[in-house]
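This report looks at one molecular structure, shown below with its sequence. Please keep both at hand while reading.

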Amino acid sequence: MGAPEGMERCPIMSTYAAPSIRFVEGSGSWLTDREGKRYLDLLSGLAVTSLGHAHPAVAEAVAAQAQRLVHTSNLYATEHAAPVAQTLDRLLGGGGQVFFANSGAEANECAMKLARKWAGHGRYVVVSAYGSFHGRTMATLAATGQPAKHEPFAPMPEGYRHVAWADLAHLESAIDETVAAVIIEPIQGEGGVHPAETEYLAGIRRLCDERNLLMILDEVQTGLGRTGAWFGFQHAGVAPDVVTIAKALGNGVPISACWARAEVAAAFRPGDHGSTFGGNPLCTAAARATLEVMEDEDVPARAARAGALLRGGLSALAGVAEVRGAGLLLAAELDGIDAGPVAADLLAAGVIVNAVTPTALRLAPSLLISDEEIEEATDRIGAVLDAHRAGGD
Ligand code: PLP
């Protein structure tokens, strides 16, 4: 039995639109395709390669570890896991413990399982916001506040409830005796780069305290310097109970983490949760090197500074109505121009961004992007926008 006609060429499932470009190499903010064409990468593989492509310190750590020890399972201790957990705990303010997994969705799964275990039977509902994105596994999809993404896979698992974004009264009305936790992104990333106001996050903290709920912050996209602070919640000065971290942690090597206050983490006992690959020597070597460079370079400060420069450049472009976000997680809302065709033309012109909504471009470049690269980025985006404005698109 062969594949249906026309389907035999690519052995990869069609969960993403067929890609038009094959990249073979990267360095810093630049990618090279197999024809040798270079692209200025303003997306970093969806906010992952925060230190740029092929950062030498991470590459060397991964290569050395690959020759030493790649995997043992979590039945045994290995060299880098505890130091990485210690660094994360310190950057998060201390007093917590970490579980290592492999993706953002798995970090959120861990957080939501932990919430159920912590809350006890009968309290299991996780409340999240419309427009949120928490992952693609069944539980994290259920938590994701985008009904259109649920519809093909209905029925969703029980225990997830959605409320209007930035609406504390709605959140309060959704809390009953079955609720265990609230999960929220400090900036809704996939939903279009919408930052939460300080009062919103502070209000969630207050509600969680009053009703004895866990406040889970999904920092999968915003964590580790991207917004101009180590974590997005630190701009608001709130103290979450649980934080999930993924994308930037291994600078592209898959590793994620769920951090929880020690009293909350104590709800997990041996056998309650696990991951075969989670925190293995190879990915923790990558994370250790990534975090070391991030601290040496003070990436939050760099992201704040470079973000201000990029924001200023984008805001000055004709065709940009508004720039929102924080640090180097930005969206340029276009003024009556479709974002999809602009992103496609930018790609053809050697600039990588993504149309995060039909009217907005998302930019999440390397946190080590240079001023010259930012200038080049805004010039090239401006030229493509000018062409679209002239073309009446
Ligand atoms: N949470 C947030 C805020 C995200 O942005 C993403 C991915 O974009 C996820 C969770 C899911 O992460 P992953 O694709 O690694 O499972």
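The sections that follow take up the ligand and its surroundings, then two sheets with the helices that lie against them, and finally two local backbone features.

## Basis of the description

The structure is a predicted model, and the statements below should be read with that in mind.

## The ligand and its shell

Thirteen residues are counted around the ligand, and among these 13 residues Gly-104, Ala-105, Asp-218, Gln-221 and Lys-247 come nearest. By class, the shell is made up of three nonpolar, six polar and four charged residues. Helix 4, which spans residues 104-119, is the element that gives the most to this shell, with three residues.

Which side chains place a polar atom at 3.5 Å, 2.8 Å or 3.0 Å from an oxygen atom of the ligand? For Gln-221, an N or O atom of the side chain is 2.8 Å from a ligand oxygen, and for Lys-247 the corresponding distance is 3.0 Å. Glu-190 also takes part, with a polar side-chain atom that lies 3.5 Å from an oxygen atom of the ligand. The ligand taken alone exposes 390 Å², of which the protein buries 81%.

## The seven-stranded sheet

Seven strands form an open sheet in the order 4-12-11-10-7-5-6, and their pairing is mixed. At the edges are strand 4 (96-101) and strand 6 (160-163), each of which pairs on one side only. On average, and with direction ignored, neighbouring strands of this sheet are turned by 20 degrees against each other. Within the sheet, strand 11 (residues 242-245) and strand 12 (residues 256-261) run antiparallel and are joined by four bridges; here Val-243 stands opposite Trp-259 of strand 12.

Two helices can be placed against these strands. Helix 3 (residues 81-91) lies across strand 4, strand 11 and strand 12, and it runs at about 125 degrees to strand 4. Helix 8 (residues 198-211), in turn, lies across strand 5 (125-129), strand 7 (179-184) and strand 10 (214-218), and its course is at about 145 degrees to strand 10.

## The four-stranded sheet

A second arrangement is an open sheet of four strands, in the order 13-14-17-16 and with antiparallel pairing. Its edge strands are strand 13 (320-326) and strand 16 (354-357), each pairing on one side only. Neighbouring strands in this sheet are turned by 30 degrees against each other on average, again with direction ignored. Strand 16 and strand 17 (residues 360-363) run antiparallel and are connected by three bridges, and Asn-354 has Arg-362 in strand 17 as its bridge partner.

Helix 12 (residues 299-315) packs on this sheet and touches strand 13, strand 14 (329-334) and strand 17, with a direction that makes about 165 degrees with that of strand 13. Helix 13 (residues 339-348) likewise packs on the sheet, where it touches strand 14, strand 16 and strand 17, and its direction makes about 45 degrees with that of strand 17.

## Local backbone features

Two loop positions deserve a separate note. The peptide bond that joins Ala-154 and Pro-155 is cis, with omega about 0 degrees, and Pro-155 has its place in the loop between helix 6 (147-150) and strand 6. Strand 6 is also one of the edge strands of the seven-stranded sheet.

Where, then, is Ala-54 found? This residue is in the loop between helix 1 (44-47) and helix 2 (56-66), and the phi of Ala-54 is near 50 degrees, a positive value in a residue other than glycine.

Note on methods
Residues are numbered from 1 along each chain as its sequence is written. This is a predicted model: local features need pLDDT of at least 70, side-chain atom pairs count only at pLDDT 80 or more; totals for chains, interfaces and linings use all residues. Side-chain values use heavy atoms; hydrogens and water are left out. A residue is near a molecule or strand if one of its heavy atoms lies within 4 Å of it. A polar contact is a pair of N or O atoms within 3.5 Å; within protein, one must be able to donate a hydrogen and the other to accept it, and residues adjacent in sequence count only if both atoms are side-chain atoms. Accessible areas come from the Shrake-Rupley method with a 1.4 Å probe; for residues, only the protein chains shown count as cover. Ala, Val, Leu, Ile, Met, Phe, Trp, Tyr, Cys and Pro count as nonpolar, Asp, Glu, Lys and Arg as charged, and the others, Gly among them, as polar. Two strands pair if DSSP finds at least two bridges between them. Axes are lines fitted to C-alpha atoms, for helices over the stretch in contact, and angles run from 0 to 180 degrees between N-to-C directions. Contact means heavy atoms within 4.5 Å.
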